[in-house]
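Me: Please take a close look at the sheet in this model. I want its layout, its cover and the contacts that tie it to its surroundings.

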Amino acid sequence: MNSFIKKIYFVDDDPIFVFISKKLMKEEKFTESIAEFEHGKQAIEALIECDQQNELLPTVIFLDLSMPVMSGWEFLDSFQAAPIENKEQIKIIVMSSSINPLEIDMIKNYPVVHDYIVKPITPADLNKIKVCLVNESQA
């Protein structure tokens, strides 16, 4: 597969949603590599390790808000505080099954969040992200 997006992180504790989303991403040739995590703690630890070993960081992180161990909110706080080089280049896409206006307002307090998607992810969502990334890379 030859994709503009080399690597993404998918952070969600719902195995059925993860399976369906990965299948869609493969069909849409969205990314070359997907690392999946069941909660934010696994993802933040992987990011820090990746950075420390000078490995390729993900271009995009798809992040669920409601998870055990470390929620999406806690992940966002940890991500902002983490000593990760060039983390501003990572686009965080928050995913939620609710269209809660309060939640959307809270997300605006996190400048690291690039977009908010209501589950399930659609081909149009993936295309919108790709177009945005391509436009940013050409700016």
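Reply: What follows is a walk through the sheet, strand by strand, and then through the parts around it. Keep in mind that the model is predicted.

Start with the layout. The sheet is open and has 5 strands. Their order is 2-1-3-4-5, and they pair in parallel. Strand 2 (31-37) and strand 5 (113-118) stand at the edges. Each has a single partner strand, so one side of each lacks a neighbour in the sheet. On average, neighbouring strands are turned by 20° against each other, direction ignored. As background, strands of a sheet pair through backbone hydrogen bonds, in either a parallel or an antiparallel way.

Now the pairings. Strand 1 (residues 5-11) pairs with strand 2 over 6 bridges, in the parallel sense. Ile8 has Ile34 of strand 2 as its bridge partner. Strand 1 also pairs with strand 3 (residues 60-64), again parallel, over 4 bridges. Here Tyr9 stands opposite Ile61 of strand 3. Strand 3 is joined in turn to strand 4 by 5 bridges, and these two run parallel. Asp64 has its bridge partner in strand 4, namely Met95.

Next, cover. In strand 1, 6 of the 7 residues are buried, so the strand is mostly covered. Strand 4 (91-96) has 6 of its 6 residues buried, so the rest of the structure largely encloses it. In a regular strand, side chains alternate between the two faces of the sheet. Strand 4 is covered on both. Lys91, Ile93 and Met95 are buried on one side. Ile92, Val94 and Ser96 are buried on the other.

Which helix packs on the sheet, touching strand 1, strand 3, strand 4 and strand 5? Helix 5 (residues 123-138) does. Its direction makes about 165° with that of strand 5. A salt bridge also links helix 5 with strand 4. The side chains of Lys91 and Glu136 meet at 3.0 Å, N to O. Lys91 lies in strand 4 and Glu136 in helix 5, so the pair ties together parts 45 residues apart in sequence. Lys91 is buried, with a relative accessible area of 14%. Glu136 is partly exposed at 36%.

That pair is one of 9 salt bridges in the structure. Side chains of opposite charge can pair when their charged atoms come close. Another pair involves the edge strand 2. Lys6 and Glu32 form a salt bridge through their side chains, 3.1 Å from N to O. Lys6 belongs to strand 1 and Glu32 to strand 2, so this pair ties together parts 26 residues apart in sequence. Both ends are partly open to the outside. Lys6 is partly exposed, with a relative accessible area of 37%. Glu32 is partly exposed as well, at 38%.

Then look at the loops after strand 1 and strand 5. Asp12 forms a salt bridge with Lys119, and their closest N and O atoms are 2.7 Å apart. Asp12 sits in the loop between strand 1 and helix 1, and Lys119 in the loop between strand 5 and helix 5, so the pair ties together parts 107 residues apart in sequence. Asp12 and Lys119 are both buried. Asp12, Asp64 and Lys119 are joined into one network by salt bridges that share partners. Lys119 has a further feature. A cis peptide bond joins Lys119 to Pro120, with omega about 0°. Pro120 lies in the loop between strand 5 and helix 5.

The loop after strand 4 deserves a stop too. Ser98 lies between strand 4 and helix 4 (101-107). Ser98 is partly exposed, with a relative accessible area of 25%. Leaving out residues up to four places away in sequence, Ser98 touches Glu103, Tyr116 and Val118. Ser98 and Ile117 are 19 residues apart in sequence, with their C-alpha atoms 9.5 Å apart in space.

Finish with helix 1 (residues 15-27). Ser21 is found in helix 1. Ser21 counts as buried, at 4% relative accessibility. Beyond its neighbours within four places in sequence, Ser21 is in contact with Phe10 and Ile121. Ile20 is also in helix 1. With Ile16 and Phe19, Ile20 makes a nonpolar surface patch of about 360 Å². Lys29 follows in the loop between helix 1 and strand 2. Lys29 has a positive phi of about 50°, although it is not a glycine. Its relative accessible area is 49%, so Lys29 is partly exposed.

Note on methods
Residues numbered from 1 in each chain as written. Predicted model: local features only at pLDDT ≥ 70, side-chain atom pairs only at ≥ 80, totals over all residues. Heavy atoms only, no water. Patch = residues over 30% accessible without salt bridge, like charges linked within 9 Å, V, L, I, M, F, W, Y side chains within 5 Å. Areas by Shrake-Rupley, 256 points an atom, 1.4 Å probe, with all protein chains shown as cover. Salt bridge = Lys/Arg side-chain N within 4 Å of Asp/Glu carboxyl O. Pairing = 2+ DSSP bridges. Axes fitted to C-alpha atoms, helices over the stretch in contact; angles between N-to-C directions. Contact = heavy atoms within 4.5 Å. Buried < 20%, exposed > 50% of the residue type's maximum accessible area, 1.4 Å probe, protein only.
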